[in-house]
Amino acid sequence: MEEHRHVTIYDIAEKLNLAASTISRALKDHHSISEKTIKKVKQTAKEMGFVPNTLAAGLRGNVTKTIGILIPTVTQPFLSSLISGIEITAQKSNYSVIIMQSHDSYQMEVDMAKSLYSNRVSGVICSLAMETKDTSHFKQFSNNNIPLVFVDRVPKDYDTFRVVINNYLAGYKATKHLIEQGCKRIAHLTAGSEFGTLYNERKRGYIDALSEHGIPVEENLIISLKEMTYEDGVKACNQLFDLKSPPDGLFAPGDILAVSAVQTAKKRGIKVPDQFAVIGFNNDPISEIIEPNISTITHPAEKMGKAAAELIIKNLKSVKEEDAKEITFLNTQVLIRESSKKI
């Protein structure tokens, strides 16, 4: 069986009895080549199935017009929408994307960052892994003037671009909503290391909302998770329901955790929302499918992806010291549905 081989400019040159350099210039519409020759070369290239090696061309010029995306997983609806926003913006400027998943592992994030750097990406957009406590592996980009944008899960101290929502305000609004529904013992699930800001800020908003409404903060009602999975949510909720004085409300930092809370409550005969009100985060599709529907906080994922890609592309075109280092989306909203609506 004959091995498949890609058609090269040398194959086209041999067929047309022209120099390879002439073929290369003709394919790029170079002014030194006649229109007749350009047309003939392009037609022959098309007939022979020639595909330009953009990666090789990029490596020669040390630019690939590729944006690297490094995220925990592609399975979360929020991150899928984030990728969509990045791709839409990248394609408009003729950039392609490479997507890599850390699966919330620090070591995998380090390895994937190294791989992106080896692939000579033009810029990197990253949402940190849950385990990450050190970001020194991103210095290879910053030290070589490769634009780096952190999105959503961002480090506390790293001088680069970031695209976030006001997680403190969102956490405050979610908790305040439960208080307004009459909840007195509101639990909270949190996650991640102290290194990142996302879950810490939502937790800070939760704590301040309780304090400002005269409700004591009880440490046994706050559970820190290693992962944001359905199974971890079930385990945490069973722990909460086993307390001598179980909670009558829950602010979950993700809709999958809110779903696990509702289903765990129902299995234990606890009525939602009458005995236990729940609000999630992200407005994932599952929040409207489950019965009862999940109250949640909106999260403009696609807009955040577009903003991150725009920062990369703008920075590649011209670096300006006055460019904003952080873009914060303030338009998160409380979507009140059946899981928390008591009043």
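A residue is called buried here when its relative accessible area is under 20%, exposed when that area is over 50% and partly exposed in between, as found with a 1.4 Å probe on protein chains only. Arginine 120, with a relative accessible area of 37%, is therefore partly exposed. The structure is a predicted model, in which local features need pLDDT of at least 70 and side-chain atom pairs count only at pLDDT 80 or more, whereas totals for chains, interfaces and linings use all residues. Residues are numbered from 1 along each chain as its sequence is written, and side-chain values use heavy atoms, with hydrogens and water left out.

**Backbone features in the loops**

Helices (H or I, at least four residues) and strands (E, at least two) are DSSP runs numbered from the N terminus. Arginine 120 sits in the loop between helix H6 (106-118) and strand E3 (123-126), and its phi is near 55 degrees, a positive value in a residue other than glycine. Asparagine 282, which is not a glycine either, has a positive phi of about 110 degrees; this residue belongs to the loop between E9 and H12 and is buried, with a relative accessible area of 15%. Two cis peptide bonds, each leading into a proline, are set out below.

| Cis peptide bond | Omega | Place of the proline |
|---|---|---|
| Valine 272 to proline 273 | near 10 degrees | loop between H11 and strand E9 (277-279) |
| Glutamate 291 to proline 292 | about -5 degrees | loop between helix H12 (286-289) and strand E10 (296-297) |

**The six-stranded sheet**

Two strands are taken to pair if DSSP finds at least two bridges between them. On that basis six strands form an open sheet with parallel pairing, in the order E2-E1-E3-E4-E5-E11. Strand E2 (96-101) and strand E11 (326-329) are the edge strands, each of which pairs on one side only. Neighbouring strands of this sheet are turned against each other by 15 degrees on average, with direction ignored; here axes are lines fitted to C-alpha atoms, for helices over the stretch in contact, and angles run from 0 to 180 degrees between N-to-C directions. Strand E5 (residues 161-165) runs parallel to E11 and is joined to it by four bridges, with arginine 162 standing opposite glutamate 326 in E11.

**Strand E6 and its partners**

How many of the six residues of strand E6 (residues 186-191) are buried? Six of the six are, so this strand is largely enclosed by the rest of the structure. In a regular strand the side chains alternate between the two faces of the sheet. In E6 both faces are covered, since Ile186, His188 and Thr190 on one side and Ala187, Leu189 and Ala191 on the other are all buried. Three bridges join E6 to strand E8 (residues 249-251) in a parallel arrangement, where histidine 188 stands opposite phenylalanine 251. Strand E7 (residues 222-225) also runs parallel to E6, through four bridges, and here alanine 191 stands opposite leucine 225.

**Helices and their contacts**

Asparagine 167 lies in helix H8 (residues 167-180) and is buried, with a relative accessible area of 5%. Its side chain makes a polar contact of 2.7 Å with the side chain of arginine 202; such a contact is a pair of N or O atoms within 3.5 Å, of which, within protein, one must be able to donate a hydrogen and the other to accept it, and residues adjacent in sequence count only if both atoms are side-chain atoms. Contact in the wider sense means heavy atoms within 4.5 Å. Leaving aside neighbours within four places in sequence, asparagine 167 is in contact with Leu198, Glu201, Arg202 and Phe281.

Aspartate 208, in helix H9 (residues 198-212), counts as partly exposed at 23% relative accessibility. Leaving aside neighbours within four places in sequence, aspartate 208 is in contact with Tyr168 and Tyr172. The C-alpha atoms of aspartate 208 and tyrosine 172 are separated by 6.9 Å, although the two residues are 36 residues apart along the chain.

The axes of helix H10 (residues 230-241) and helix H11 (residues 255-267) come within 8 Å and cross at roughly 50 degrees. H10 is therefore oblique to H11, given that angles under 35 degrees count as roughly parallel, over 145 as roughly antiparallel, 65 to 115 as roughly perpendicular and the rest as oblique. Residues making this contact include Tyr230, Gly233 and Phe241 of H10 and Ile256, Leu257 and Ala265 of H11.
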